[in-house]
Amino acid sequence: MDLEREFERVVAADHRIEPRDWMPEGYRKTLVRQIAQHAHSEIIGMQPEGDWISRAPSLRRKAILLAKVQDEAGHGLYLYAAAETLGADRDDLTARLVEGRQKYSSIFNYPTLTFADVGVIGWLVDGAAICNQVPLCRTSYGPYARAMIRICKEESFHQRQGYELLMTMMRGTRAQRDMVRDAVDRWWWPALMMFGPPDEESANTERSLAWRIKRHTNDELRQRFVDMSVPQAEKLGVTLPDPKLAWNAERGHYDFGEIDWAEFWRVVKGDGPCNAQRVAHRREAHEDGAWVREAAAAYAAMRERAA
Amino acid sequence: MDLEREFERVVAADHRIEPRDWMPEGYRKTLVRQIAQHAHSEIIGMQPEGDWISRAPSLRRKAILLAKVQDEAGHGLYLYAAAETLGADRDDLTARLVEGRQKYSSIFNYPTLTFADVGVIGWLVDGAAICNQVPLCRTSYGPYARAMIRICKEESFHQRQGYELLMTMMRGTRAQRDMVRDAVDRWWWPALMMFGPPDEESANTERSLAWRIKRHTNDELRQRFVDMSVPQAEKLGVTLPDPKLAWNAERGHYDFGEIDWAEFWRVVKGDGPCNAQRVAHRREAHEDGAWVREAAAAYAAMRERAA
Amino acid sequence: RDDLVAYCLMLGDDALVYSQRLAEWCSRAPELEEDVALANIALDLLGQARLLLTRAGEVEGAGRDEDALAYLRDERGFRNVRLVEIDCGPGEGGDFAATIARLLVFSAWRLALFQRLTESVDPVLAAVAAKGVKELAYHRDHAAQWTLRLAGGTAYSRERVIAGLARVWPYVDELFTPHPVETRLAAAVDPATLRSEVDGVLDTVFDAAGLERPDVEQIAPVAGKAGRDGVHTEAMGYLLAEMQHVARSMPGALW
Amino acid sequence: RDDLVAYCLMLGDDALVYSQRLAEWCSRAPELEEDVALANIALDLLGQARLLLTRAGEVEGAGRDEDALAYLRDERGFRNVRLVEIDCGPGEGGDFAATIARLLVFSAWRLALFQRLTESVDPVLAAVAAKGVKELAYHRDHAAQWTLRLAGGTAYSRERVIAGLARVWPYVDELFTPHPVETRLAAAVDPATLRSEVDGVLDTVFDAAGLERPDVEQIAPVAGKAGRDGVHTEAMGYLLAEMQHVARSMPGALW
């Protein structure tokens, strides 16, 4: 019980728990699940944007996009490494992903339909991710917090690039402006859903807050995102697709309309437009690569024996 | 020997040999090989043009091209059927093709690089094929002659469509005219090679002429093609890529330059730009379809047993 | 009038995009006879597409012909159902069985639709439908025969046809979901009214083949929008890139 | 000056088209580390392409920037060697082994070329080469390591790498066949002079891996013309359709 008190003391003092420290099993499990889902999200998130690398309409945008998707693979690697410090096994986590036993962010179950989607994903999806993730830079588990610092830095770079693409497109042709508006219309609500269910329905929030894994509730973060995005949308010259969106001087926040929670749960449960496709893509890449991983392992083992 | 005399009498009288008639073994073998190669040429010939169906730049041209390539499959079917009347087996002939043991027209070992190639193939390649094939409508073997009548009718339709496409393109933009000229430059010499080696090097010509399988020598047909094509090229507004091409009033024919026979033999022997690709494509289609053919055969056998 | 344009585009795009997919089989079919048959079906549908796009352009009155509509529209302007655009092979996205499964579903649905459409108050649509009915009846019959052969052929072919049906089935509900245009336009057929008839036809084939109706989830629309609204799958962009590239590369060209 | 433009396009197109092919692996690599590595290589090459195409446009002086050259040129205007455009996977045209085989050959060749080019009389080419040499040395090393792993891994991986080398080898002679531009232009490197050096590098890798140099026929040019003359394989049109479609679809757009 000394161990548990020590754990609680460290957490309460806003210090970091490190891999060798004692931690409650629930804390470990919660973290492994959260970090794994986060890693999976980076990996699955490579697909909707990666789909546009081959078609990016300028070489500069092609390079930016390729570098971004590459960063996502890198983020996945840091995060799997962080999960491994908690005793998780990367192969096991990958198996959970490709067999559909572990989730990833539902936002990636929507299709990217035009090149403007690349910009809007940068602006809104990375923007929402940053709102979620900045507080995680101060999360109580050290390796996770350190991974998040690096990730957040890159994500905010991606977000600026996305927003800059949209600004450029809005200065372009009328067809381009239409494309941007169409993409904003399609991504706004799914972006709001990225913060998860409303607080009253979020089963794990309270415990995660107590353990200082999370530092804010879903609804707090969602509000922060809305407050941040509305002026950005105005500057961009697009209307967010929510007639109820309005400044509430009393609250000091923007009010916004009701999220379609039925859709939210449908997509979470696997029935979004692209769930099956995303998991199948990852599974195929994983299976197609099995012989290569086996060869690498056999070669390494052979070299070790020879040494 | 009565049989042999009767055979020679029928051939000499320009009547037709029919499947049930006696025929010399050499005649049968020569015909099977020639008809099979002709059938293979139709089937392999689907690839270079078929490659442009998905990209045809107008719906009318897409329909014309799809119908043409479909006709080629149909020609292949007639010809395999004609070969079967001589005791050949279609599966065996297909095996010879996909294993590279039997040839097809070398012309299809060149790549189609632009949509103008579709027009030039129609004009020059189908044009050369027609020169070769019209006399075959009077070939001594009945089923082959009848297949050729039908094929020639369709081929000349294809040739007119190809020429018409080129005429249309020449009335279009400068880029289109350049495209047509580039395609003509690439296809002219390979088209001349379609008539086979010069007469003095053509081993089988003499016997085929005696049996009235062939009715003209390679060089005669090649000259006929040149004479036919030069005025067509003038009308089209393109220059054929042969500085030696000139009317010879004495001969009453066009003179033309020396064919690159080294290239001819290289491509015949399998080292053209697309030989490996064409055979691999056919082999893959054949292998990928094996389970379907097996299923159809199993189902037919089952139905037969039930009946 | 906008609705009539949109409706012609819907039916025309279904045929155009599906024809593009079917033509991918050209020179790749399991046997030559099937190469001819699939090309025939693709040609029939291309013919339907040309009539319908031409009609859309005429009614629109903005000077767009079939080619302007086919080659110069962006993905979001295409109104085909998503079933026709997905990759069902040859190649990685499917195989001959998935191809036959889609042909069965599509032609059973479109035949029912066109039969109804022969009585449309719009005489052009009625005429297009009357011509199309004969073609579609052949397509459906062809697909049904192959379904029987594959289901009753070998153990492997049976497995493939079951997988093929599962590949296309998630896109079936969309076929029967009316778009506002289809509800408003008097000349249109409400696809919801076709469901039981089409289900009946498919069940008959499945019964004869000893197959079950696939038990798979339907692919969701995006915020209620799907193919008819120009919201497609990620396969569509690649299909259009290939289809439109030459035409877009040579503005002002004559073909 | 035309020769310098053409030469910049040759080297730039090699990098651009190969980068396009390598990026196809994105999200499909056998492991995440390799996803990162292949994207890195693709990015390096894309960077080289941008410098070279920009330079081509500047020397040409007709107002074409890197994007005009990448997106608005037709296939016959692309001057890359055919090795970089063929499909080596992921997917049907190849696999990871064919991909590594191409990377080994390409980067050994281009590294030798760029090493020579650092001494070019053209200061821009020399500078591009100096930067590229470091990148290409890494690419070559990466490919060599994988060649060893695959050749010495499992029986299957060994079979795959042998098949992969056979897939790309028919395009090797073209790398060393000088184009008239390369012969005439003082700033250029004559690729024929690189052959023995590159062969030596490859043989060292093959020896270490216990592999033989593939014994396959070279793919013929068309009437003496190949990639450097804009005469490509049939794979090239599809690659360009995908690459250029969005850019061509929106004339006048800003990106």
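How much area is buried between chain D and chain C, and what percentage do carbon and sulfur atoms give? I looked this up first. The area is about 980 Å², with 59% from carbon and sulfur atoms; buried area is the accessible area (1.4 Å probe) that two parts lose on being put together, summed over both.

The model is predicted: local features need pLDDT of at least 70, side-chain atom pairs need 80 or more, and totals for chains, interfaces and linings use all residues. Residues count from 1 along each chain as its sequence is written, chains are lettered from A in the order written, and side-chain values use heavy atoms, without hydrogens and water.

**D with C.** I find eleven residues of chain D in contact (heavy atoms within 4.5 Å) with eleven of chain C. The rule finds zero salt bridges here; one would need a side-chain nitrogen of Lys or Arg within 4 Å of a carboxyl oxygen of Asp or Glu.

**D with A.** I then turned to chain A. Here 47 residues from chain D meet 46 residues from chain A. The buried area is about 3,900 Å², 71% of it from carbon and sulfur atoms. I count one salt bridge. A:Arg90 pairs with D:Glu33, the closest N and O atoms being 2.7 Å apart.

**Within A.** I checked helix α6 (residues 142-170) against helix α9 (residues 218-236), both of chain A; helices are DSSP runs (H or I, at least four residues), numbered from the N terminus. They pack at about 30 degrees, axes 10 Å apart. That makes α6(A) roughly parallel (under 35 degrees) to α9(A). Among the residues that meet are A:Tyr163 in α6(A) and A:Met228 in α9(A).

Methods
Axes fitted to C-alpha atoms, helices over the stretch in contact; angles between N-to-C directions. Helix = DSSP H or I, 4+ residues; strand = E, 2+ residues; numbered from the N terminus. Parallel < 35°, antiparallel > 145°, perpendicular 65-115°, else oblique.
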